[in-house]
Amino acid sequence: MAARAGSTRATAAKAAGPRIPVLVWDEVRPAPVVLVSGPEDLLAERATRRLREVLAAADPSLEVSDLDASNAAPGDLSTLASPSLFGEPRLIRVTAVERLTDGFLAEAMRYLEAPADDTTLVLRHSGGTRGKRLLDAVRGGLGGGVEVACAELKRDADRSAFAAAEFRAARKRISPGALRVLVSAFQADLAELASACQQLIRDTAGDVTEATVETYYAGRVETNAFAVADAALAGRRGDALVLLRHAIATGADPVPIVAAIASKVRTMARIADAHGSSARVASEYGLAPWQVDRARRDLEGWQSDGVGRAILLVAETDERVKSGARDPEYAVERLVAFLAGRGEG
Amino acid sequence: MSTETPFAELIGQQQAIEWVTAAARDAYRGEQSTGAMTHAWLLTGPPGSGRSNLAYAFATALLSPGGVPDPAVAALVDARTHPDLAVLASERVTITIDEVRRLVTSAAYSPSVAAYRVLVIEDADRMTERTSNVLLKSLEEPPERTVWILCAPSEADLLPTIRSRVRVVRLRVPDPAEVAELLVRRDGVDPALALRAAQEAQSHIGMAHRLATDADARARRDETIRIAFGVRSVPQAVRSAQRLLDIAKEDSSALTEERDEGERAAALKSMGVQPGAAVPPQLRSMLKQLEDDQKRRATRGLRDSVDRILLDLLALHRDVLLHQLGAGLTPVNGAYGDDIERLATDTPPTATLAVLDAIADARRRLPANVPPLLVLEAVLVTAALERRR
C-alpha cells in the first residue's frame, strides 16, 4: 500500500515536471533520443525512415546500426554509440524495446544520463508496461528526447485523414467520394490502405475520382463472420452466400463463422417461446434487450422446429469444419443456405 | 493397503490377474521360461475397470524379487517413486510428443535396483498418430530388461502398428454386485446405496465410489436425469443444455478446484514464498506455467464431465429402449422406473433410437473440439423434435 502511494506521488511529480515534445510521424526531427511509441507499425516505420532521410541529407556519411532490445547483450549499446575514428554521425535504431532485457535497460538508463554526441538513438516501443522505467525517464526529459506517438488508427475519420495526407504529400487530388470508397474497402490493415493509396498515386494520371477507385478496387468488400450470419438469418440467401465467399476469400476462417451463426441461432432458440416485453425477457434469460429485439426480428418466419433443425445442422457443420469434412467451405455454404431458407429448405 | 497384495482392489478380474502374475513369475525363471512373459503389454478395459491399477500391480510384481509382489516395492510403486518405474500419465487432452520422446530415451537405461525397468503409459489412447510412431522402435525391440505396459480403453484406440507389437490383456466389466461389494467392504457404504451407485455408474469403480460417498455428485446426476425426462420443446431443450453444461462445470470444478489450490500452495512453498507474500517477478513464469497446466487440465476435466453426462443420458435411453422392446434386462436407472415407463409408452422406439444416435454423434464431436454447449444442445434438441412426432 505504501509503495502504491509513493508511485502516485512520483507520477504527479513527473506530470508537473518537464515533458518532451510529442510529434506525429511526419513531423519527426532529429534529437539525441527519439522514442517511437504506439502499436501502429506502419507509422513507426515511416517515422524512422523519414528520420534517416533527414539525417542522411544533412551528412551522407551517416552510419546506421540496428539493435534488438529483446536479446541485446550488455555492452551492445555502448559499442554502437562509442565515437568512431572519423566522427561520422550515427543513427542507432533499437527495436523491440517492449521486450527489452534487463541488461539493455540498465545500459540505456546510463546512456540517457550522458548521450553521445552526433548520435540519434531511436527507441521503438510498441506498447505494454515492460520498460516503463526507461519510457518514463525519456518522457521526463532525460537525454533531451522527443516522442513520436504512433497510435492505432481505429476510427474511419482518422483513416480517412491518413489517406488524404498520403495524397496531399504526393500532390495528387482525390475527390471526397473516392476517398470514402477507398477507406471503406480497406478496413483491416493500415498498411494495405497505404499501399492502395501509393498504387493509385503512381499508376493513375490526373485526379483520382470514384471511377478510378472503382476501376482498381471494384467488388472488394470487407466483411466479417457476423455480417454473414446476419444476412443468412435475414433470409437474404444470395447476399449471404456472396458475403460468405468474400469473407473466405479475404482470409476469414470457417470456424469463427460457424461460431457466430451458432451464437445467434442459440439466442433465437432460447427466447422463441418467451412472451412479454423485451426488457423482461432479457433479464429473465440474462441477455441484453437489444439481443432480444434482434433475435425476435430474426425469428420472423421461423417455426420452432425449424430452429431446432438449424441447431442440429450447426452442430454437424461445426464438426465438419473442425475435422472430418473434405470441404469445410461447402459445409458452411450449406448451413448458410439452410438458414436463409428459414430452416425449411 | 500395504498388508494386502496390490491385486486386492481389482474385482472380477481373476483371469487377467492370473495372466500377469504368471508372466511376472515367468520373467524370473531365466532359462526355464515358459514364454508367459514378453516385453510389451497392452491392458485394455472400459474406463473404471482398473486398467491402471492392474498396470501398477503388474509393475510391482515385475520389480519385486522373484516376481512375487513385495510390500516395500508396492509402497514405492504406489508413491510412483520407484527408481526403475517410469510413468506417463496425462491429465490433459493429449499426451505430447516431447513427453513420449523423453520416456523413450529413458527406456534405454538399465534397471538400478530391480531386475527390470518398467515403463507405464496410462491413457495410451491420448497419443496422436505422430506421437505413437515415436514409440514403435522401442516397443518392438526394447533393451533386454525393459518392459512396456500401455493402458487404453480398447485395442481399436491404438494404431495397428502398435497393436501388433504388444500382448493384450483384456479386463472385463465387473458385475455391479461385485463393485457394490467392494464399496461396502472398503468404504463402509450402505449396501443398498452401494448397489444403486454401482448400477448407475455402470460398474465404473471410481464413479461408483463418488456417487456412493458424495451427496452433491448424486444430486448432480439426479438433476441430469430429470432434465432429460423433462425435454418437451426446442427452446426449453436449448435452455436445458445450458443447465447441463453448468452441471458439468460444477462437477469438474468440484474435482479440480481443491487440487489446484493445493498444488499452488505446494509450489509457492517449494519456491520459498511466504503465504500471503507477493510473488517475486523471477518466479512468476513458473507459477504461470503451473496455472497453464491447470487450465489445460480443467479443459479436459470439463470435457470428461460432459462425456459422463452423455453416458448417463445414453444409459437412460438404453433403459427406455429396453422397456419399449420388452427385452427384460436389468435397467441401469432402476430408481427412475416410473419415469422410464412413462417415456417408453409415450414415445415410439424410433424416437429413442434417434436420440441414442444423437448421443453417439455427440460423443464423437466432443473430442473433435465442437463446443460442449453445442454438443449438448444437439442431443436435447433431437430429443425434443423426436418426442413430439
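This passage looks at two arginines and one pair of packed helices in a predicted model.

Start with Arg270(A), which sits in helix α12 of chain A, a stretch covering residues 254-271. This arginine is buried, yet no salt bridge goes with it. The nearest side chain of opposite charge belongs to Glu377(B), and that is 7.0 Å away. What the side chain of Arg270(A) does have is a backbone oxygen for company: a polar atom of the side chain lies 3.0 Å from the one of Tyr285(A). Leaving aside residues up to four places away in sequence, Arg270(A) touches Tyr285(A) and Leu287(A) in chain A, along with Pro235(B), Val238(B) and Arg239(B) in chain B.

Next come two helices of chain A. Helix α15 (residues 304-322) and helix α16 (residues 328-340) pack with their axes 9 Å apart, at an angle of about 170 degrees. Angles over 145 degrees count as roughly antiparallel, so that is the label for α15(A) and α16(A). On the α15(A) side, the residues making the contact include Arg309(A), Leu313(A), Glu316(A) and Arg320(A). From α16(A), the contributors include Pro328(A), Val332(A), Leu335(A) and Phe338(A).

Glu316(A) turns up again in the surroundings of the second arginine, Arg365(B). That residue lies in helix α14 of chain B, which spans residues 349-365. Buried means under 20% relative accessible area, so Arg365(B), at 8%, counts as buried. Again not counting residues up to four places away in sequence, Arg365(B) touches Ala315(A), Glu316(A) and Glu319(A) from chain A, plus Val370(B), Val375(B) and Ala378(B) from chain B.

Notes: Residues numbered from 1 in each chain as written. Chains lettered and ligands numbered in written order. Predicted model: local features only at pLDDT ≥ 70, side-chain atom pairs only at ≥ 80, totals over all residues. Heavy atoms only, no water. Helix = DSSP H or I, 4+ residues; strand = E, 2+ residues; numbered from the N terminus. Buried < 20%, exposed > 50% of the residue type's maximum accessible area, 1.4 Å probe, protein only. Lys, Arg positive; Asp, Glu negative; His and termini not counted. Salt bridge = Lys/Arg side-chain N within 4 Å of Asp/Glu carboxyl O. Polar contact = N/O pair within 3.5 Å; in protein donor to acceptor, adjacent residues only side chain to side chain. Contact = heavy atoms within 4.5 Å. Axes fitted to C-alpha atoms, helices over the stretch in contact; angles between N-to-C directions. Parallel < 35°, antiparallel > 145°, perpendicular 65-115°, else oblique.
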